[in-house]
Structures are given as structure tokens and as C-alpha cells.
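This report introduces the aromatic pairs, the nonpolar cores and a pocket of one protein model. The sequence and structure are shown first.

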Amino acid sequence: QVSEVVAEKCRLSVSGWFHGPPVARPARCLEAALPRSPHIPCDHVILYEWINPVYLDMESQAQIQEEFEERSEILLKDFLKKEKYQLLCEALESKDVRWSCRGPANKRLYEAAEEDSLPDVLKKFLHFLRSEALFLLLSNFTGLKLHFLAPSEEEDEDEDAGEGRAEDAAGHGSPKPEQEETEQHAESNRRQPDQPNDIPEAQDSETQNGSGPPVCMGELRRWTHGHYTLVHDAQATEFALDLLFFCGCEGWDPEYGGFTSYIAKGEDEELLTVNPEDNCLALVYRDKETMKFVKYVNHRSLVHLEKHPNRTGFWDFSFVYYE
């Protein structure tokens, strides 16, 4: 468990080792991960209901994708329409929302909302985050294959190859003698067993990568003094797109903690920091060598409570999307 020492007096500590017979370790507890689900069929009209029109412009989406492909992360400010964002904040302050503590303390400590207790506007926003329309929009933002209509790198390569074949068919290539074709065909047959498609490992990898449609998982979280998440050995790492949307962060100082840090596995160097910011959508693409944690929300955050009595901290919608 993580705790904070705020006293200014001098502290003494005693350290050492206790020697004795070995103690049998209890079996490691296996946690149930959040369920992953494919997109919810939904018309694109839902985008116009929620999102700032600036981000629905095709030129803006092209610029966002260019920046994202270069940096693997982007922060989209004023992402929602102001009236929609205001409705979300008002609903989040409702006392009818039930919050449950997420642990264990050696891995994380924060509160997650129970979806069946949420007001309608929050349920609709969660539906929006799981909608087919948003999957496609995220594909346009990032270049990832999160929707079957989104082009993939393989398709782009196939198009280039198709153009090359078209040029050959137009007369830029020279026909081969029949004997040469026969020899090449025989040579191809001799190389056949070594091709990737016939290697079991390659087949398994291909099956896993294309075994199903894109999916997502996520939750609504509340962060207050004493909350955090930790990097741990059992933390799953895989290629994924992280989405964070923040609410109630007005006046939030990075010194309070609560920001999300990305680090390389086995390294102490910080790769990226995502600070909570009002009405901002953060997108981060991570690989298998990248881990993340949320910095401990320290006692300095209590100043935020004085400025905003109805908000003990801030909220975020944390989602992960998989190709």
C-alpha cells in the first residue's frame, strides 16, 4: 500500500533481516480483467451530438493522424461540445452515483463507478465511447485498423503492388522464355517449405493478430487524495490504444499527482506524462515494452477541494482499444 508522510519532524527507522525457516507463499490471486467487447452498432450522427465540430473536419483529422503517427500520442483540447461537457460534470457530481473501491492496494487504489447507478447522460457517453462511429473516428485520428472500413498498411502495400503489376501489364515488363518460367516454377517449389505461411509459429501469430474484430474495454474512475496505480510484474503489456477523457480538472496542478506516466519496461526513464485537463481527450498508442501508472494523488490536492467544494478530486473515462 502507498501512503504519504507529511510530518516535518525527524524520523528514525530500524532495518534488518529476520532469519528463520522458509514460509510457504500463498498462491497468486488471479484477477478478472475488465470484459472486452466489440463496437456497438451506431449511426455517425452520434458524433455530431457530442464532438466539437472542429474534430469532424476531414482536414483536421488528416493533420491529427499525421501528428499521431509521428509521436504516437496526441491531446485533443475542447473535445466535446461545451453544453455536453457541462452536463457530464453536473452528472458526475450526483450523489446517486455509486462508487466501488478498486484494489488490491499493492497494485492500485481508486474508485470506479457502477454503471447501473449512472445518470442517463453518463450512460449515453459510455455508449458513445463504445460506438461504431467512434471506432471509425479513432481510426481516422490514429491510422489504426479499428474498423473494417479503415484502410490498413497491408492494403496500402497491396495497392502499390497492384499499380506495379498494372505497369508490367501495360508493357513495361518483358516476357520470359517458357524454359525460364519452368525453371523458376521448380525453384519456387523447392523453396515452398521455408515460406512464412508454412511455419507453425507464423501461422499462430497470424491467427492471433486477425482472430477477431477490434474490441475495447473501459470504466469511469474517480481520483481523490490517496489514490494511485502501480507498475507490477503481472501487469499485461500489449499493443493497444489508450483513451483518457478528463472531467473536473479545472485548476488541477501537476504537483497534486494524478497524472498518467508511461515508462519502458525495465527502465526508470519516463517516456510520456499525460496531465489531467478539462474537456481533453488524450490518445496514446503503446507497445508490449511500455507500461503505465497513475501518480499518487498527494495532500496538496486538498487545495482543489477548497476551490471546488463539490469535487473531491477529478474523474476520467479510461478506455483501451485493440485492433
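In this predicted model, the structure contains 16 aromatic pairs. A pair of aromatic rings is described by the distance of the centres and the angle of the planes. Two of the pairs are set out below.

| Pair | Distance of ring centres | Angle of planes | Arrangement |
|---|---|---|---|
| Y85 and F245 | 6.2 Å | 80° | edge-to-face |
| W252 and Y256 | 5.1 Å | 90° | edge-to-face |

Both pairs count as edge-to-face because an angle over 60 degrees between the planes is required for that class. Y85 belongs to helix α3 (residues 82-92), while F245 belongs to strand β7 (residues 240-247), so this pair ties together parts that are 160 residues apart in sequence. Y85 and F245 are both buried. W252 and Y256 are likewise buried. A single aromatic cluster is formed by W50, Y85, F125, F128, F245 and F317.

F245 also appears in the description of the nonpolar cores. The largest of these has 47 residues, and L129, F245 and Y321 are the ones with the most contacts inside it. Beyond four places in sequence, Y321 touches L129, L134, F135, L138, L146, V215, C216, A240, L241 and L243. A second core, separate from the largest, has 16 residues, including W223, L244, A282 and V284.

Another aromatic residue, F141, is located in helix α5 (residues 132-142). Its relative accessibility is 1%, and F141 therefore counts as buried, the limit for that class being under 20%. When neighbours within four places in sequence are set aside, the contacts of F141 are Y55, Q61, I64, Q65, F68, L76, F79 and L283. Along the chain, F141 and L283 are 142 residues apart, yet 9.2 Å separates their C-alpha atoms.

The remaining topic is a pocket. The second largest pocket has a volume of about 870 Å³. It is lined by 32 residues, of which R108, M217, H232, Q235 and A236 are the closest to its centre. Which strand gives the most to this lining? That strand is β5, with four residues. At least two lining residues each come from β4 (108-113), β5 (215-223), β11 (290-294) and β12 (314-322). By residue class, the lining of the second largest pocket comprises 15 nonpolar, eleven charged and six polar residues.

Terms used:
Residues numbered from 1 in each chain as written. Predicted model: local features only at pLDDT ≥ 70, side-chain atom pairs only at ≥ 80, totals over all residues. Heavy atoms only, no water. Core = buried A, V, L, I, M, F, W, Y, C linked by side-chain atoms within 4.5 Å. Buried < 20%, exposed > 50% of the residue type's maximum accessible area, 1.4 Å probe, protein only. Contact = heavy atoms within 4.5 Å. 1 Å grid on protein atoms, 1.4 Å probe; cavity = no way out; pocket = protein on both sides within 12 Å on 5 of 7 lines; lining within 4 Å. Points joined across faces, edges and corners; volume = space filled by probe spheres on them. Nonpolar A, V, L, I, M, F, W, Y, C, P; charged D, E, K, R; others polar. Phe/Tyr/Trp six-rings, centres within 6.5 Å; stacked < 30°, edge-to-face > 60°.
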